Amino acid sequence: MLFFFWTWVLLCGCFQLHKTNEGDLMNQDWLAQLPITNIIDYRTVSGGDINDAYKIDTTDHEYFLKVQPNKTADYFDHEKAGLEAIGKVVNVPTPIAQGQIDGDAYLLLNWINSGDGFQSDLGSDVATMHLVHNDKFGFDFNHQSKAVIK
């Protein structure tokens, strides 16, 4: 039934972006510049303290969007590289796109639904990551966020 509803919505073009958070800086013009289509909903999500974060729903996919106002596109280079490296070993959000829109840096990732996990699974994933070795300690490059060099 849901498939028929979305087919009808797409064919008649009668859907509108449903904004669920009043007062945030996100708008349809900003969202239209992302490399995704058919956005039907977005809302702020919490959990971090450095970036603005959103869940974006399209007709066929869910995304997690991080935005850092007044930063260049390379702001998320370090995080994207880290997620790509960790993603070779364990399940993490996959970077889809990165860039800058209206002077704001963004990182678009796939959405992973939270669930009831077990601490033993987390421990297993951390142990698996530690089985991967490099020639030297640390990551390939540093990143500075505010006063802290990571």
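Biologist: Happy to look through this predicted model with you. Where does aspartate 41 sit in the chain?

Modeller: Aspartate 41 lies in strand E2, which covers residues 39-44.

Biologist: Why is aspartate 41 called buried?

Modeller: Its relative accessible area is 12%, and buried means under 20%, so aspartate 41 counts as buried.

Biologist: What makes the pairing of aspartate 41 with arginine 43 a polar contact?

Modeller: The two side chains come to 2.3 Å. The limit for a pair of N or O atoms is 3.5 Å, with one able to donate a hydrogen and the other to accept it, so the pair qualifies as a polar contact.

Biologist: Lysine 66 is a charged residue. How do you know whether lysine 66 is buried or exposed?

Modeller: The relative accessible area of lysine 66 is 14%. That is under the 20% cut-off, so lysine 66 is buried. Lysine 66 belongs to strand E4, residues 62-68. Its C-alpha is 9.8 Å from that of valine 45, although 21 residues separate the two in sequence.

Biologist: Now the rings, please. Why are tyrosine 75 and phenylalanine 76 called an edge-to-face pair?

Modeller: The search of the whole structure gives 4 aromatic pairs. In the pair of tyrosine 75 and phenylalanine 76, the ring centres are 5.0 Å apart and the planes stand at 90°. Centres must lie within 6.5 Å, and planes over 60 degrees apart count as edge-to-face, so this pair meets both conditions.

Biologist: Are these two residues buried or exposed?

Modeller: Tyrosine 75 has 13% relative accessibility and phenylalanine 76 has 1%. Both values are under 20%, so both residues are buried. Tyrosine 75 is in the loop between E4 and H3, and its C-alpha lies 8.2 Å from that of tyrosine 106, 31 residues away along the chain.

Biologist: What makes lysine 55 count as sitting over the ring of tryptophan 111?

Modeller: The charged end of lysine 55 is 5.1 Å from the ring centre. The cut-off is 6 Å, together with a position within 35 degrees of the ring normal, so the description of lysine 55 as over the ring fits.

Biologist: Why does the phi of asparagine 70 get a special mention?

Modeller: Most residues other than glycine have a negative phi. Asparagine 70 has a positive phi, near 60°, and is in the loop between E4 and H3. Aspartate 102 has a positive phi too, about 50°, and lies in the loop between strand E5 (95-101) and strand E6 (104-110).

Biologist: How do you know whether asparagine 70 and aspartate 102 are buried or exposed?

Modeller: Their relative accessible areas are 67% for asparagine 70 and 56% for aspartate 102. Exposed means over 50%, so both residues are exposed.

Biologist: What makes up the lining of the largest pocket?

Modeller: The largest pocket holds about 460 Å³ of space. Of its 13 lining residues, Ala85, Ile86, Met129, Val132 and Asn134 are the closest to the centre. By class, the lining has 6 nonpolar, 5 polar and 2 charged residues. Helix H3 (77-87) and helix H4 (119-130) each supply at least two of them, and H3 gives the most, with 3 residues.

Biologist: And how many helices and strands does the chain have?

Modeller: There are 4 helices and 8 strands. Buried residues make up 31% of the chain's 150 residues.

Definitions and conventions: Residues are numbered from 1 along each chain as its sequence is written. This is a predicted model: local features need pLDDT of at least 70, side-chain atom pairs count only at pLDDT 80 or more; totals for chains, interfaces and linings use all residues. Side-chain values use heavy atoms; hydrogens and water are left out. Helices (H or I, at least four residues) and strands (E, at least two) are DSSP runs, numbered from the N terminus. Buried means under 20% relative accessible area, exposed over 50%, partly exposed in between (1.4 Å probe, protein chains only). Rings of Phe, Tyr and Trp (its six-membered ring) pair if their centres lie within 6.5 Å; planes under 30 degrees apart count as stacked, over 60 as edge-to-face and the rest as tilted. On a 1 Å grid over the protein atoms alone, a cavity is a set of points where a 1.4 Å probe fits but cannot get out, and a pocket is an open set with protein on both sides within 12 Å along at least five of seven lines; lining residues have an atom within 4 Å of a point. Grid points are joined across faces, edges and corners, and a volume is the space filled by probe spheres set on the points.
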